[in-house]
Amino acid sequence: MFTASWHLFSEKPPAYANRIVGTLTVDGLPYEGIVFALAVGKLSYISGQHVKNGDFHIQLIPEKYSTKTLNLLVFKDGRALASEPVTPDSVVVYDLTISTSGGGGAPTGDPATISGKVERVLDNLAEPAARQLVAIEHKPDGTWAVIGNTTSDAGNGSYTLDVLTEGGDTFVLTMDEYGVPFTATASVVQGELIHPTVPNGHVYRVEAGGNLPATEPTWWIDTGTNHTRTIEGDITLRAIPFYRPLAHGPIKAEPTL
């Protein structure tokens, strides 16, 4: 059984000129949600953004990945789905499609487990964190497949991933919930997460609901003492650091006996 501890830090990635631009449909419909750009090979997280109406414009791609093969990873109904390979290009506009019913089918392989612990570092202290986790295997034949997913425990940060492996190298990705973008006058309820239209390294949890203002507020960050504000009427939001997705590996899943 493999055990690992994660330490998540909130940070802003540097700006780079390379980009991937295009449209993305899933099962024939324009995709809406988070899209992650991953480098094939070592499965490095490159960048990500919230996509609306299927239009994506992924920037922040370092120069060393400008000629590398990348995949776009999305989530639908709790499943991780990858696009066809792409490369950064300042001219090409990609038209990508993903189907949940074709290409690859269900995971195959032998039962195995991966276990570990997810922690976030706040004020230089580690504390347990609940995060979505996805296991992706680089199979012996060179193909990639999602082989399992789970959520770490909010109380102690622990997780156990039950996977189906063919003996290849496995990477575990951990992702923070990014919520939905600010939408003028939209109705929000307690517990929802909102993020600014221009990322600032934070998301905002609704503490008291209502209708958002017609104009996007001046966002603030969590300083440890100044994290909750009332922006209009009775709507109260709490600033929470957003932790960038992390990939851990390669590792070998422990066969289940």
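This report walks through a predicted model of one protein chain, from its overall make-up to a few local details.

## The chain as a whole

Looking for helices here? There are zero of them, against 24 strands. The chain runs to 257 residues, and 42% of those are buried.

Contacts often link parts that sit well apart in the sequence: taking those with a separation of 6 or more, 62% are between residues 24 or more positions apart. As for the outside, the accessible surface adds up to about 13200 Å², and carbon and sulfur atoms supply 51% of that.

## A closer look at β9

In a regular strand, side chains alternate between the two faces of the sheet. Strand β9, residues 93-98, shows this pattern. On one face you'll find Tyr-94, Leu-96 and Ile-98, which are buried. Val-93, Asp-95 and Thr-97 point to the other face and are not buried.

Which way does β9 run relative to strand β2, residues 18-26? The two pair in the parallel sense, over six bridges. Ile-98, one of the buried residues in β9, is the bridge partner of Val-26.

## Some backbone oddities

Most residues other than glycine have a negative phi, and most peptide bonds are trans. A few spots in this chain go the other way.

Asn-53 has a positive phi, near 60°, and belongs to the loop between β5 (44-51) and β6 (55-61). Thr-185 has a positive phi too, near 65°; its place is the loop between β16 (180-181) and β17 (187-188). Then there's the bond joining Gly-249 and Pro-250, which is cis, with omega about 5°. Pro-250 is part of strand β23, residues 246-251.

Note on methods
Residues numbered from 1 in each chain as written. Predicted model: local features only at pLDDT ≥ 70, side-chain atom pairs only at ≥ 80, totals over all residues. Heavy atoms only, no water. Helix = DSSP H or I, 4+ residues; strand = E, 2+ residues; numbered from the N terminus. Buried < 20%, exposed > 50% of the residue type's maximum accessible area, 1.4 Å probe, protein only. Contact = heavy atoms within 4.5 Å. Areas by Shrake-Rupley, 256 points an atom, 1.4 Å probe, with all protein chains shown as cover. Pairing = 2+ DSSP bridges.
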